Amino acid sequence: MHWKFDHLGILNQHPQEVIDNICDYGHLSPIHGSTVLKYENEFKGHNAIQRQCGPHRTLVGEDGVSPVLHTITIYHGPGVLISHLTGLYDAVMMICNTPVDDGSIKVWHALLVKSPSGSKVATHTDMVAARHYQEMALTAFAQDFEVWSHKAACLNGLFIPSDGPFMKARIWYKQFYNPRAKKNEYLEQCEGYYVPKGIAPYTETPVEA
């Protein structure tokens, strides 16, 4: 089922605060109701990757594709996030954020859903189910949006080993705000796999930092 784009308007927040979510392991349970079983981050070139799985309060179902929600989420550069979700249905989510000024961005959301009925040609019932799943995904994303809308900028965070690799993500992000010739200087400081203290890695044999 082809996606439709939800234009969420202007968010008065620096995009760095949005990018932080790619490694914010600690927010998944209290904000989204996820009981995370496995989690890891990887930074490689222009990609920032999050892999995680666990039960979720809205995006899975007993008769779905998977009883737990698996998400493979990748930032392709600083402003385009694409996430493959395997939960109630197989789906691909896109979130785009475009800077407007220093401290404000425009945000879009969309969800591409594999035919819920398994039909080769999507039916009206498939369309209704896919649109409903997109609304569920948008509701989950809106929980992040609510936090961003009310938080102050985190310029000097006090991070602990179980939080997620925030500083690595911020170093990765610097490559897009500095001369391209300095890219490798930042990548040398952040590329690799990172698993928060106390959680199982998503893949079987990552190199824990």
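Me: Which residue of β3 is the bridge partner of Phe43?

Reply: In this predicted model, Phe43 has Ala48 of β3 as its bridge partner.

Me: What makes β2 and β3 a pair of strands?

Reply: Two strands pair if DSSP finds at least two bridges between them. Strand β2 (residues 38-44) and strand β3 (residues 47-54) are joined by 7 bridges, so the condition for pairing is met. The two run antiparallel.

Me: Why is the sheet called open, and what is the order of its strands?

Reply: The order of the 8 strands is β1-β7-β6-β5-β4-β3-β2-β8, with antiparallel pairing. At the edges stand β1 (6-11) and β8 (192-194); each has a single partner strand, so one side of each lacks a neighbour in the sheet. From one strand to the next, the twist averages 15 degrees.

Me: Which helix lies across β2, β3, β4 and β8?

Reply: Helix α4 (residues 166-174) does, running at about 30 degrees to β2. Phe166, Ala169, Arg170, Ile171, Trp172 and Tyr173 of α4 are buried. The buried residues of this helix pack against α1, β2, β3, β4 and α5 (183-190).

Me: Why is Asn21 called buried?

Reply: Buried means under 20% relative accessible area. Asn21 has 16%, so the residue counts as buried.

Me: Where is Asn21 found, and which residues does Asn21 touch?

Reply: Asn21 is in the loop between α1 (15-19) and α2. Leaving aside residues up to four places away in sequence, Asn21 touches His27, Gln50, Asp144 and Trp148.

Me: How do you know that there is empty space inside, and how many cavities of 30 Å³ or more does the structure hold?

Reply: Rolling a probe the size of a water molecule over the atoms shows where empty space is left. The structure holds 1 cavity of 30 Å³ or more. The volume of the largest cavity is about 430 Å³. This cavity is lined by 25 residues, of which Leu28, His32, Gln50, Met93 and Asp144 are the closest to its centre.

Me: Which elements each supply at least two residues of the lining of the largest cavity, and where does the largest share come from?

Reply: They are α2 (28-32), β3, β4, β5 (80-86), β6 (90-101) and α3 (124-150). The largest share, 5 residues, comes from α3.

Me: How many residues of the lining of the largest cavity are nonpolar, polar and charged?

Reply: The lining has 14 nonpolar, 10 polar and 1 charged residues.

Conventions. Residues numbered from 1 in each chain as written. Predicted model: local features only at pLDDT ≥ 70, side-chain atom pairs only at ≥ 80, totals over all residues. Heavy atoms only, no water. Helix = DSSP H or I, 4+ residues; strand = E, 2+ residues; numbered from the N terminus. Axes fitted to C-alpha atoms, helices over the stretch in contact; angles between N-to-C directions. Contact = heavy atoms within 4.5 Å. 1 Å grid on protein atoms, 1.4 Å probe; cavity = no way out; pocket = protein on both sides within 12 Å on 5 of 7 lines; lining within 4 Å. Points joined across faces, edges and corners; volume = space filled by probe spheres on them. Nonpolar A, V, L, I, M, F, W, Y, C, P; charged D, E, K, R; others polar. Buried < 20%, exposed > 50% of the residue type's maximum accessible area, 1.4 Å probe, protein only.
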